[in-house]
Amino acid sequence: MNSINKIATILLLPLLISLTGCLEEKVETIINSDGSCVRTISMKLQSKTVPEKAFPLGSDGWSVEWKVSGDTSAPYEYIATKSFRTPEEFSNEYSSDTVSRAMRIDASIEKRFQWFYTYIDYNEEYLFKNPYGHVPVTDFLTSEEIEQFQRGENDEVLKKKVEAWIEKDRFEDIYMIFIENAERLNDPAISASLLRENKERFSYQLSKYDSTSKANNNIVDKTLSEDQVMLTIFTNVATEIFGKAITEKLRPAVLQIINSTDAKEKLIKFPDTWEYTTTMTGLLLESNGHTIQGNSVTWKFTPDQAKVASYVMQASSRVVNVWAFIVTAGLLLLLVLISLVSFVRRRRKVV
């Protein structure tokens, strides 16, 4: 891990209240020919506590049970199941929750009737509401690279670019608070222009605090709280650049940064991975899934894959309308009979 990633881990990411262990959330959906569906969500956990940002919350029609997983690292398995009678019920399940989490979900099932066949279209989209949002991802990745990253191509260069974008975006948010505080102070000794001129230098100094540096060994005391670590590092970097007098004036801004970052990171707590398996009714026609077995499609992705662009899962299938064939055959037979009767009557008249 390079210097900037180490300092990001020390400085910015500790405030991310991470989920215990490596949490994988599995979502299985069975779609019926009438548009109804059954969804089951499961995850293995170290205790009988569902992570705050996981879904569902075990209410509003979800049937919840706990099982012994047989996995010593995560001995409990949480399983929640809910049936949706109509496509509208399924879509509304996620449309109401647009505030409590940064990852919004749009889900839909649509039926297209075409007499002999009914086509079922499943679409689910993860949309990331970036609580920082100062730096476009396209400053770091091209559209082709975004597509490659979302497909799950194992490219370390792409991963590093995504990490660099996330850290740059966080830093811009943090440093903006410094500048806003300076503007409010209206103190010639610590002007906003002075802070802007030294932004890159400040970023560079942060990057020097890696795990092998003397400064890091002295500062990152395991007995300190995460907030104390962040406050200490920022204070030391600011002192190196601006001196003690200006740093003391920046202290309220540092405290604001801690609170702001803490609040924003709480919004973006996710499982480490999502695994979606959707079983379509009828004959599977097309899908953008990673794995296909029969009429079941599986997608597996990480939060970062949904951060760089909306992560879309799609599948379409075709159901045979047997009754339509029967009705059509009956109508054809009736037409044949009518034609025969008409023909016979005309022959009789001729005779």
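**Exercise 1. Place asparagine 186 and describe its backbone and exposure.**

Asparagine 186 lies in the loop between H4 and helix H5 (192-197). Helices (H or I, at least four residues) and strands (E, at least two) are DSSP runs, numbered from the N terminus. The model is predicted: local features need pLDDT of at least 70, side-chain atom pairs count only at pLDDT 80 or more, and totals for chains, interfaces and linings use all residues. Residues are numbered from 1 along each chain as its sequence is written, and side-chain values use heavy atoms, without hydrogens and water.

Next, the backbone. Phi of asparagine 186 is near 55 degrees, a positive value in a residue other than glycine. Most residues other than glycine have a negative phi.

Last, exposure. Asparagine 186 has a relative accessible area of 66% and is exposed (over 50%; buried is under 20%, partly exposed in between; 1.4 Å probe, protein chains only).

**Exercise 2. Do the same for tryptophan 115.**

Tryptophan 115 sits in the loop between strand E5 (103-114) and strand E6 (117-128). Its phi is near 60 degrees, positive in a residue other than glycine. At 33% relative accessible area, tryptophan 115 is partly exposed.

**Exercise 3. Classify the packing of H4 on H6.**

Start with the axes, lines fitted to C-alpha atoms over the stretch in contact, with angles from 0 to 180 degrees between N-to-C directions. Helix H4 (residues 156-185) and helix H6 (residues 199-207) have axes that come within 11 Å and cross at roughly 125 degrees. H4 is therefore oblique to H6 (under 35 degrees is roughly parallel, over 145 roughly antiparallel, 65 to 115 roughly perpendicular, the rest oblique).
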